[in-house]
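Me: I would like to go through the ligand site of this model with you, one point after another. Please reason briefly before you settle on each answer.

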Amino acid sequence: MSVKEIKHPLVRHKLSIMREASKSTRSFRQLAAEVGALLTYEATKDLELESYEIEGWCGTIEGERIKGKKFTVVPILRAGIGMLDGVLDLVPSAKISVVGLYRDEETLEPVPYFEKLAHDIEERMALIVDPMLATGGSMIATIEMLKAAGCTDIRALVLVAAPEGLDKVTSAHPDVDIYTASVDSHLNEQGYIMPGLGDAGDKIFGTR
Ligand code: U5P
């Protein structure tokens, strides 16, 4: 199963506050980052460790560090920026690979307009961040960009996902694990997740 719905009480509590229509831009933005950090914690739980020697206060001891790959965080513009700080709190030395896609309001298809990836992305684990996985079109387009650049280790962090979009992404890319704070009910005719959060980009940037 490549979809993991995180049932941690802090995640459920914070996401519920985000659903309150009265929340200010400032609160919404702060909560998006906080839930982003909690999802990062969950998505990195299974990373392999290796031991190494540390000069401690009482002499040489054995320490542990994450083995192998380094990270790149991949925010999908624009809403993904809202989760970026929270993710970077936990993986501060990650490189950032930015992908820009907008959704054609009529066809709901993603249209790519920007791509600036870490130069050594094939050696890194990519953590894609986007608050909403609705039709799944943006996520699939992003995964395809990363794979085309040679990235083989991809995980996605989303605040809210729709079952329709999850089905599409997992059948197209079963190797990509998706961590979400909630799998909601369905998509409406305009491609919004119900009950969802509304337009996450507008809420994070305060543009509506
Ligand atoms: N989106 C929302 N709220 C929704 C549905 C979609 O903000 O209820 C936006 C998000 O900004 C996200 C994009 O980046 O649409 C994902 O759409 P899709 O490609 O999964 O359909």
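Me: Which residues annotated as "binding site" are taken in by the lining of the largest pocket?
Reply: This is a predicted model, in which local features need pLDDT of at least 70 and side-chain atom pairs count only at pLDDT 80 or more, while totals for chains, interfaces and linings use all residues. Residues are numbered from 1 along each chain as its sequence is written, and side-chain values use heavy atoms, with hydrogens and water left out. The unreviewed UniProt entry annotates R78, R103, D130, P131, M132, L133, A134, T135, G136, G137, S138 and D199 as "binding site", in the numbering used here and possibly by inference rather than by experiment. On a 1 Å grid over the protein atoms alone, a pocket is an open set of points where a 1.4 Å probe fits, with protein on both sides within 12 Å along at least five of seven lines, and lining residues have an atom within 4 Å of a point; from the annotated set, the lining of the largest pocket takes in R78, R103, D130, M132, L133, A134, T135, G136, G137, S138 and D199.

Me: What takes the space of the largest pocket?
Reply: A molecule counts as sitting in a pocket if more than half of its atoms lie within 2 Å of the grid points. The space of the largest pocket is that taken by the ligand.

Me: Which elements give two or more residues to the shell around the ligand?
Reply: Helices (H or I, at least four residues) and strands (E, at least two) are DSSP runs, numbered from the N terminus. A134 belongs to the loop between β9 and α4, and the elements that give two or more residues to the shell are β9 (132-133) and α4 (137-148).

Me: Which backbone has a polar atom 2.8 Å from a nitrogen atom of the ligand?
Reply: A polar contact is a pair of N or O atoms within 3.5 Å. Oxygen atoms of the ligand lie 2.9 Å from a polar backbone atom of G136 and 2.8 Å from one of I193, whereas for a nitrogen atom of the ligand the partner at 2.8 Å is in the backbone of G198.

Me: Where is the residue that a cis peptide bond joins to L77?
Reply: The cis bond joins L77 and R78, with omega about -5°. R78 is also annotated as "binding site", and its place is the loop between β4 (70-77) and α3 (81-90).

Note on methods. Polar contact = N/O pair within 3.5 Å; in protein donor to acceptor, adjacent residues only side chain to side chain.
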